[in-house]
Amino acid sequence: MTNQAIGFSNPKPDEFQSGALITNANREIVYANAYFSDELNWTLNKLLGQSSDDLFTISSKIFCESYLMPLLIHEKKCEEMQLTLFDGNGKRVPIIVSAKMDEQNCIYWSFFNASKRDKLYEELIDARKELEDQAKTLKLMASTDELTGLMNRRELNLRAPELINQAKRYTHSIALLMIDIDHFKKINDAHGHLEGDRVLKALGQKFQKFGRQTDLIARFGGEEFNMLLPDTNKSDAKIFAQRLHQLMLGIEVNLTPITVSIGITMTDGSHSLHDLTNQADGALYEAKKNGRNQTEFYTET
């Protein structure tokens with residue numbers, strides 16, 4: 001079978017934006033349209049008589065032998081397979097292939113250049129990644145206190161109930177610490193709000209390094225911070241608070257270390273976050289009333 005045999009004795013250059021190829025039962029190329037010369041840099045006379053296998057990369061040959069050809073033999077056609085072929089200059093070109101086999105085992109191939117499709121796909125992947133990154137940034141902004149880098153009160157309210165439920169389910173105790181910087185208003189009044197912000201930021205950084213991965217640490221508002229410590233008993237919570245007091249020695253204002261007052265309440269999971277916050281706040285009030293720079297535990301009395 002040749003170009004002349006199928007009615008193309010004097011073929012004119014066609015305007016098809018896809019490649020058309022016919023191979024015989026031996027998979028020899030017996031017809032190729034102008035797309036192969038115009039777009040893929042093949043010399044048509046050189047292409048005729050070659051095996052269609054010579055067009056494809058090794059991986060595409062393996063795919064053709066293991067999947068595409070068996071499909072053609074059994075189904076007589078295949079649609080939209082992505083392969084890679086070489087152009088006339090040896091350059092790799094991604095293509096989309098559709099093919100149909102007739103009763104004489106001749107195969108009619110259609111080739112569509114997938115370079116732009118791949119580029120569009122890559123652009124879509126990049127756009128998706130950018131949107132995902134933006135979504136992560138927005139989520140982080142919605143859940144994080146901008147100044148200290150800790151979670152904000154809203155995020156604590158969202159995540160704390162599950163931690164409390166786990167404590168109840170597995171009979172663990174939880175400690176809630178409410179921490180307040182002593183005389184913070186005096187720092188702002190005497191040294192300005194920029195100095196106050198520096199103290200808050202430094203405190204947030206120390207809390208992030210000091211806390212465990214499972215702890216929920218949040219800026220509750222103003223100069224108040226909350227720490228929800230899972231799997232922590234009263235003795236552990238007391239030691240934790242003592243270390244926090246020591247930690248404050250590393251943050252100074254006018255060469256004087258800041259101090260904090262801490263209120264602690266304990267639960268086995270039978271209290272809501274709202275109740276725990278009120279209890280810790282009451283204990284914090286007692287710590288301040290008793291002279292500040294100390295820790296008080298909540299008691300029912």
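This section describes the overall form of a predicted model and then the surroundings of selected residues.

The secondary structure of the chain consists of nine helices and twelve strands. The radius of gyration is 37 Å, well over the 19 Å that the globule rule gives for 301 residues, so the chain is more spread out than a compact globule. In keeping with this description, the C-alpha trace spans about 105 × 45 × 25 Å along its principal axes. Of the 301 residues, 40% count as buried. The accessible surface of the chain comes to about 17,800 Å², of which carbon and sulfur atoms supply 51%. When contacts between residues at least 6 apart in sequence are considered, 56% join residues at least 24 apart. The chain carries 35 positive and 42 negative charges, and the mean positions of the two sets are 4 Å apart.

Helix H6, which covers residues 184–191, offers a view of how buried and exposed positions are arranged. Phe184, Ile187 and Asn188 are buried in this helix. Seen down the helix axis, the buried residues of H6 fall within an arc of 95°, so they line one face of the helix. An α-helix has 3.6 residues a turn, so residues three or four places apart point the same way. The face of H6 turned away from the buried side carries Lys185, Lys186, Asp189 and Ala190, which are exposed. The cover over the buried residues of H6 includes strand E6 (174–181), helix H7 (193–210) and strand E9 (252–253).

Both flanks of H6 contain a residue with a positive phi. In the loop between E6 and H6 lies His183, a residue other than glycine whose phi is nevertheless positive, near 55°. With a relative accessibility of 40%, His183 counts as partly exposed. Just after H6, Gly192 adopts a positive phi of about 95°. A further positive value is found at Thr171, where phi is about 50° although the residue is not a glycine. Thr171 belongs to the loop between helix H5 (153–169) and E6. Its relative accessibility is 69%, and Thr171 therefore counts as exposed, the threshold being over 50%.

Pro230 occupies the loop between strand E8 (224–229) and helix H8 (234–247). The relative accessible area of Pro230 is 12%, and this residue is therefore buried, as the value is under 20%. Apart from neighbours within four places in sequence, Pro230 is in contact with Leu163, Ser173, Ile174, Arg212, Thr214 and Asp215. Pro230 and Ala20 are 210 residues apart along the chain, and their C-alpha atoms are separated by 68 Å.

Helix H8, which follows the loop of Pro230, contains Gln242. This glutamine counts as partly exposed, at 45% relative accessibility. Between Gln242 and Asp275 there are 24 Å in space, C-alpha to C-alpha, for a separation of 33 residues in sequence.

Note on methods
Residues are numbered from 1 along each chain as its sequence is written. This is a predicted model: local features need pLDDT of at least 70, side-chain atom pairs count only at pLDDT 80 or more; totals for chains, interfaces and linings use all residues. Side-chain values use heavy atoms; hydrogens and water are left out. Helices (H or I, at least four residues) and strands (E, at least two) are DSSP runs, numbered from the N terminus. The radius of gyration is taken over C-alpha atoms; the globule rule is 2.2 Å times the number of residues to the power 0.38. Buried means under 20% relative accessible area, exposed over 50%, partly exposed in between (1.4 Å probe, protein chains only). Contact means heavy atoms within 4.5 Å. Accessible areas come from the Shrake-Rupley method with a 1.4 Å probe; for residues, only the protein chains shown count as cover. Lys and Arg count as positive and Asp and Glu as negative; His and the chain ends are not counted. The place of a charge is taken as NZ of Lys, CZ of Arg, CG of Asp or CD of Glu. The arc is that of the directions from the helix axis to the C-beta atoms.
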